[in-house]
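Visitor: I am new to this structure and would like a close look at a single part of it. Please take one helix and follow it outward to whatever lies around it.

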Amino acid sequence: MTTATLPANFKALNLVPVLLARLTELDYQQPTPIQAQAIPSVLAGQDLIAGANTGSGKTATFALPMLQKIHLQKVQAEKSNTEQAQKGNFVTGLILVPTRELAKQVADSIKSYAAHFNGKIKTVAVFGGVSTNTQMLALRGGSDILVATPGRLLDLISSNAIKLDKVNTLVLDEADRMLSLGFTEELSALLALLPSKKQTLLFSATFPEQVKLLTQALLNNPIEIQVQNADSSTLVQRVFTVNKGEKTALLAYLIQQHKWRQALIFVNAKNSCEHLASKLSKRGITAEVFHGDKGQGARSRVLEAFKAGEIDVLIATDIAARGLDIEKLPVVINFDLPRSPSDYMHRIGRSGRAGEVGLALSLIDYEDYHHFKVIEKKHKIRLEREQVEGFEVDEALNDELLAQLLAESKPMAAPEGSGKKKRKKKKTINADIWAGHSDQE
Ligand code: AMP
């Protein structure tokens, strides 16, 4: 689709007045690029494949046309005084997502967009980690829209709580993530249960081979849209170099110095969340943790409290990296660099959403140095390495030396002593501290 004449306002997208009124209330002044490009075609019933980053306004791109379609069908049915076709445990619009939090978030957004339909359009979210009974009850009489994680949906289908043979719209959100989380089999099992005639909308930040196969198998003459992160100009990325073993001290200093409220900090392991929280606590900073070993109740509570601004610092694994929408999240910090370069974008995409100003900060020590370059290369960025006063690294730490040391797998040297005064002097390599002073205090 050409982007030359994109509709500049929602009115021009052919949305019904009841949805337009809601968008005005939500202060959506103009469509985001993906909304402007996709909504008219999606309303016209076309399949869609979109390469869209988080924060680009994807949810409304599929939710608004879905709601409009269901609304018009209901109006038509009322007018002609016919029974709605869907009676029983059927669903007409199905949205598959990779994580529980995303399921809840997407369903909440849809309910919000549907606020003026006076409860006539039903949306249910189902996901694992919580009791199936409540979800079965919610699905009684079916649902117009169902947002689901694949595993729980299959469970509910096998207990006859829901049927998919009336689905007329399928959305696969974060398709690459779903496949990388090992949902392949569950996804194929679900796709086999869907009618062949339906509209399919597929969103994926990246297009690995498996996603390409999916698109070939699923989509019928789709419109293709590639949207760069619309908010990249408002998200500032910075990288601070730090001596190994001093990341926690630097992090604590930054949190206190900037008085950050709502800082989301990423680490790579569940126990690292707890570990870092306890180290911050010793420095007088209260932090909560968010990872896969927490029960669903605790995960929801922590997330809600963080969103509400009741928690200043949240330490999370990559389960928080995808899709979560935390309004005005000011700062995301990579305490550990993500192993996969594509997760870097997902993590930092938690901040700077929908035009808000955001900061994405990565703390790197010498062991991260090479990996950060890989991340930069992958995303075609190059950030200036910055140092924080009082936490300077040895000037000898340049690319060449690092490459040489890493190649030789020698214990890395650090300045003598760990005191700030000493660190400020130019130092030569000293193996002891770098080798022994890992990020533990
Ligand atoms: P999403 O990519 O769907 O998760 O949306 C990211 C954020 O942008 C959410 O907070 C939405 O409420 C918000 N948003 C989506 N579309 C618009 C728009 N056209 N104008 C303003 N905010 C929007």
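Guide: What follows is a walk around helix α2 and its surroundings.

This is a predicted model, in which local features need pLDDT of at least 70 and side-chain atom pairs count only at pLDDT 80 or more, while totals for chains, interfaces and linings use all residues. Residues are numbered from 1 along each chain as its sequence is written, and side-chain values use heavy atoms, with hydrogens and water left out.

Helices (H or I, at least four residues) and strands (E, at least two) are DSSP runs, numbered from the N terminus. Helix α2 covers residues 33–43, and eight of its eleven residues are buried, so α2 is largely enclosed by the rest of the structure; buried here means under 20% relative accessible area, with a 1.4 Å probe and protein chains only. The buried residues are Ile34, Gln35, Ala36, Gln37, Ala38, Ile39, Ser41 and Val42. Their cover includes the strands β1 (48–52), β6 (199–203) and β7 (223–227), together with helix α3. Just after α2, Gly45 takes a positive phi of about 95°.

Helix α3 (residues 58–79) packs against α2 at an angle of about 25°, and the two axes lie 9 Å apart; axes are lines fitted to C-alpha atoms, for helices over the stretch in contact, and angles run from 0 to 180 degrees between N-to-C directions. The two helices are therefore roughly parallel to each other, a term for angles under 35 degrees. On the α2 side, Ile34, Gln35, Ala38, Ile39, Val42 and Leu43 meet Lys58, Ala60, Thr61, Leu64, Pro65 and Gln68 of α3, where contact means heavy atoms within 4.5 Å. By class, this contact has eight nonpolar, three polar and one charged residues; Ala, Val, Leu, Ile, Met, Phe, Trp, Tyr, Cys and Pro count as nonpolar, Asp, Glu, Lys and Arg as charged, and the others, Gly among them, as polar.

The strands covering α2 lead on to the sheet. Seven strands form an open sheet with parallel pairing, in the order β3-β4-β2-β5-β6-β1-β7, and two strands pair if DSSP finds at least two bridges between them. At its edges stand β3 (123–126) and β7, each with a single partner strand, so one side of each is left without a neighbour in the sheet. Three bridges join β1 to β6, which run parallel, and Ala50 stands opposite Phe203 in β6.

Methods: Angles under 35 degrees count as roughly parallel, over 145 as roughly antiparallel, 65 to 115 as roughly perpendicular and the rest as oblique. Buried means under 20% relative accessible area, exposed over 50%, partly exposed in between (1.4 Å probe, protein chains only).
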